[in-house]
Amino acid sequence: MTAFFRNTSFHLWSVVCLTVAANALLLMEVFALLAIVFSIVSALVLFSWRYLRRQPSASLPKYNLLPPMKRQDMTLQQLMEYDGKNENKRLLIAVDSKIFDVSSKSDLYGPDGPYGLLAGHDASRSLATFTMHPSAVKVQYDDLADLTASEISSVREWAAQFAQMYPFVGRLLRPGEQPDVYSDDDDEENSSQDETDKLSDKSQLTGKMFVL
């Protein structure tokens with residue numbers, strides 16, 4: 001009788017061990033399958049991300065395909081027409097009474113860009129005070145008379161950096177000020193100088209709060 005119980009216990013223990021081993025093997029196979037699926041999904045996501053990075057966004061207007069803009073001075077009201085909300089218009093920004101064509105950076109200054117608020121406006125106050133609050137972008141001419149000497153100096157530094165990065169269009173006119181008359185030679189000289197400045201000075205730009 002004792003031998004019978006021993007044999008029965010041995011068989012039961014063997015069955016339990018085999019069951020546990022089978023379940024463990026099954027779990028290992030499941031984990032291995034999950035690892036393979038995870039690897040495939042990760043590879044697809046990485047490939048898609050790299051592919052999409054190389055593709056131009058179809059939603060962004062092709063401002064950078066526009067030909068060089070003719071040199072001209074503008075009032076603030078004229079400048080406000082170039083805020084990027086019309087795809088046939090350029091993106092212009094004024095800094096320190098100088099107007100720059102930032103159309104090549106529509107991802108930054110376009111309507112959906114992080115700095116879209118500045119397009120078509122005088123960005124001097126916003127850059128000087130390091131704020132993107134709408135109150136810093138005026139709809140009337142801003143003489144910046146309340147800025148400190150340090151903030152005025154900052155505006156001039158920003159204007160110098162924009163001049164190295166973007167084509168100069170003309171001056172932002174004060175109320176009642178008359179625009180200058182530019183010749184075709186001025187346009188060609190300006191375009192050539194812009195390209196030279198970009199190549200020679202790009203490495204000297206210093207980073208600030210905003211991305212140029």
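This short talk walks through the fold of one protein, its strands, and three residues in its loops.

Let me say at the outset that what we have here is a predicted model, and I will begin with the overall layout before turning to single residues. The protein contains six helices and three strands, and if you follow the sequence from its start, these elements come in the order α-α-β-β-α-α-α-β-α. Of the 212 residues in the protein, 31% are buried, and the surface that the protein exposes comes to about 14000 Å², with carbon and sulfur atoms supplying 61% of that area. If we take the contacts between residues at least 6 apart in sequence, 67% of them join residues that are at least 24 apart.

Now to the strands. S1, residues 92-95, and S2, residues 98-101, pair in the antiparallel sense over four bridges, and within that pairing Ile-93 has Phe-100 in S2 as its bridge partner. The two strands form a hairpin with two residues between them, and one residue of the turn, Asp-96, has a positive phi of about 55 degrees. Ser-97 also lies in the loop between S1 and S2, and its phi, near 65 degrees, is likewise positive, in a residue other than glycine. As background, most residues other than glycine have a negative phi. Ser-97 has a relative accessible area of 27%, and is therefore partly exposed, since that class runs between 20% and 50%.

On its other side, S2 is joined by three bridges to S3, residues 168-171, and these two strands also run antiparallel; here the bridge partner of Lys-98 is Arg-171 in S3.

Further along, Phe-130 sits in the loop between H4 and H5, the latter being helix 149-165, and Phe-130 too has a positive phi, about 55 degrees, although it is not a glycine. Its relative accessible area is 35%, so Phe-130 counts as partly exposed.

The last residue I would like to look at is His-121, which is placed in the loop between helix H3, residues 106-109, and helix H4, residues 124-129. Is His-121 buried or exposed? His-121 counts as buried, because its relative accessibility is 14% and the cut-off for buried is under 20%. What is His-121 in contact with, leaving aside its neighbours within four places in sequence? The contacts are Leu-76, Leu-79, Met-80, Leu-92, Ile-93, Ala-94, Val-137 and Lys-138, and Ile-93 in that list is the residue we met earlier as the bridge partner of Phe-100.

How values were computed: Residues numbered from 1 in each chain as written. Predicted model: local features only at pLDDT ≥ 70, side-chain atom pairs only at ≥ 80, totals over all residues. Heavy atoms only, no water. Buried < 20%, exposed > 50% of the residue type's maximum accessible area, 1.4 Å probe, protein only. Contact = heavy atoms within 4.5 Å. Areas by Shrake-Rupley, 256 points an atom, 1.4 Å probe, with all protein chains shown as cover. Pairing = 2+ DSSP bridges.
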